[in-house]
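Reader: I am new to this structure and would like to go through a few of its parts slowly. Could you show it to me before I start asking?

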Amino acid sequence: MSTIVLIRAGCTDYEDAHRLLGNLSVPLNARGTGQVREIVQRLQQDQLPLELILTSPENPASCTAHEVARAFPRLKVKQLEELRNVNQGLWQGLPENDVRRRFPRFFRSGKEDPTAICPPEGETLSDACQRMESVLSRALRRYRVFAVVAPEPLASVIRCTVQHRRLRMTDCLCGEESGELVQVLQSSSFEAAGFAGVT
């Protein structure tokens, strides 16, 4: 059993405007910089023996990971393409409400599978989960305690997969609204089939 410290990437102007970030590389805003300070304080307070930080190469996740690592001199950051945020295709940058209004057939309450919604020229949440499976499975075998820095909705995909539960339809575009910047999760495996198959 390993400990995954799931760190939500610091906020950007996109999140503040309720726009879909997708895998666009967007810098942290002032609130996001403050959140990184909170993350560092929480990790220092909890004294978690982190061995590594995994993140995507794009901002805001990359910037958050490197800022956290600066506070822990021996902690290394490994950027992995497999951990890039969910590709929301042509919806990236659009306000969430506009997407829901303009594409209602994707969001019929309770009738669609949120893991299978595929934006034009994008990928499904299930595709993103499968992309991460080998990387996170390897990390779970190799490290006792490691961190993953991810923006939403990727952080929600990781959380739901580890907790063996399905993401709600209302959270499929921008992720779960959790006030927690840092979550400590225990797991011995990361299986994409579990994310897609949970009912």
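Reader: Is Met132 buried or exposed, and what is its relative accessible area?

Author: Before answering, I should say that this is a predicted model. Met132 is found in helix H5, which covers residues 125–142. Buried means under 20% relative accessible area, and Met132 therefore counts as buried, with a relative accessible area of 0%.

Reader: Which residues is Met132 in contact with, leaving aside its neighbours within four places in sequence?

Author: One partner can be placed by its C-alpha atom, since those of Met132 and Ile158 are separated by 8.7 Å, although the two residues are 26 apart along the chain. Once the neighbours within four places in sequence are left aside, the residues in contact with Met132 are Glu82, Leu83, Leu154, Val157, Ile158 and Phe190.

Reader: Why is H6 described as largely enclosed by the rest of the structure?

Author: The buried residues of H6 are Leu154, Ala155, Ser156, Val157, Ile158, Arg159, Cys160, Thr161 and Val162. H6 is largely enclosed by the rest of the structure because the buried residues number nine of the nine.

Reader: What phi does His164 take, just after H6?

Author: His164 lies just after H6, and its phi is positive. The value for His164 is about 55 degrees.

Reader: Where is Glu152, and which side chains are joined to that of Glu152 by a polar contact?

Author: Glu152 has its place in the loop between strand S4 (145–150) and helix H6 (154–162), and at 11% relative accessibility it counts as buried. Leaving aside neighbours within four places in sequence, Glu152 is in contact with Arg8, Asn85, Arg159, Cys174, Gly175 and Glu176. As for polar contacts between side chains, one of 2.6 Å joins Glu152 to Ser156, and one of 3.5 Å joins Glu152 to Arg159.

Reader: At what angle do helix H2 and helix H3 pack, and how far apart are their axes?

Author: Two packed helices are described by the angle between their axes and the distance between the axes. For helix H2 (residues 30–46) and helix H3 (residues 61–70), the angle is about 45 degrees and the axes are 10 Å apart. That angle makes H2 oblique to H3, and the crossing in which H2 passes H3 is right-handed.

Reader: How do the residues of the contact of H2 with H3 divide into nonpolar, polar and charged?

Author: H2 makes the contact with Val36, Ile39, Val40 and Leu43, while H3 makes it with Thr64, Glu67 and Val68. These residues of the contact divide into five nonpolar, one polar and one charged.

Terms used. Residues are numbered from 1 along each chain as its sequence is written. This is a predicted model: local features need pLDDT of at least 70, side-chain atom pairs count only at pLDDT 80 or more; totals for chains, interfaces and linings use all residues. Side-chain values use heavy atoms; hydrogens and water are left out. Axes are lines fitted to C-alpha atoms, for helices over the stretch in contact, and angles run from 0 to 180 degrees between N-to-C directions. Helices (H or I, at least four residues) and strands (E, at least two) are DSSP runs, numbered from the N terminus. Angles under 35 degrees count as roughly parallel, over 145 as roughly antiparallel, 65 to 115 as roughly perpendicular and the rest as oblique. A crossing is left-handed if the near helix is turned anticlockwise from the far one by less than a right angle, and right-handed if clockwise. Contact means heavy atoms within 4.5 Å. Ala, Val, Leu, Ile, Met, Phe, Trp, Tyr, Cys and Pro count as nonpolar, Asp, Glu, Lys and Arg as charged, and the others, Gly among them, as polar. Buried means under 20% relative accessible area, exposed over 50%, partly exposed in between (1.4 Å probe, protein chains only). A polar contact is a pair of N or O atoms within 3.5 Å; within protein, one must be able to donate a hydrogen and the other to accept it, and residues adjacent in sequence count only if both atoms are side-chain atoms.
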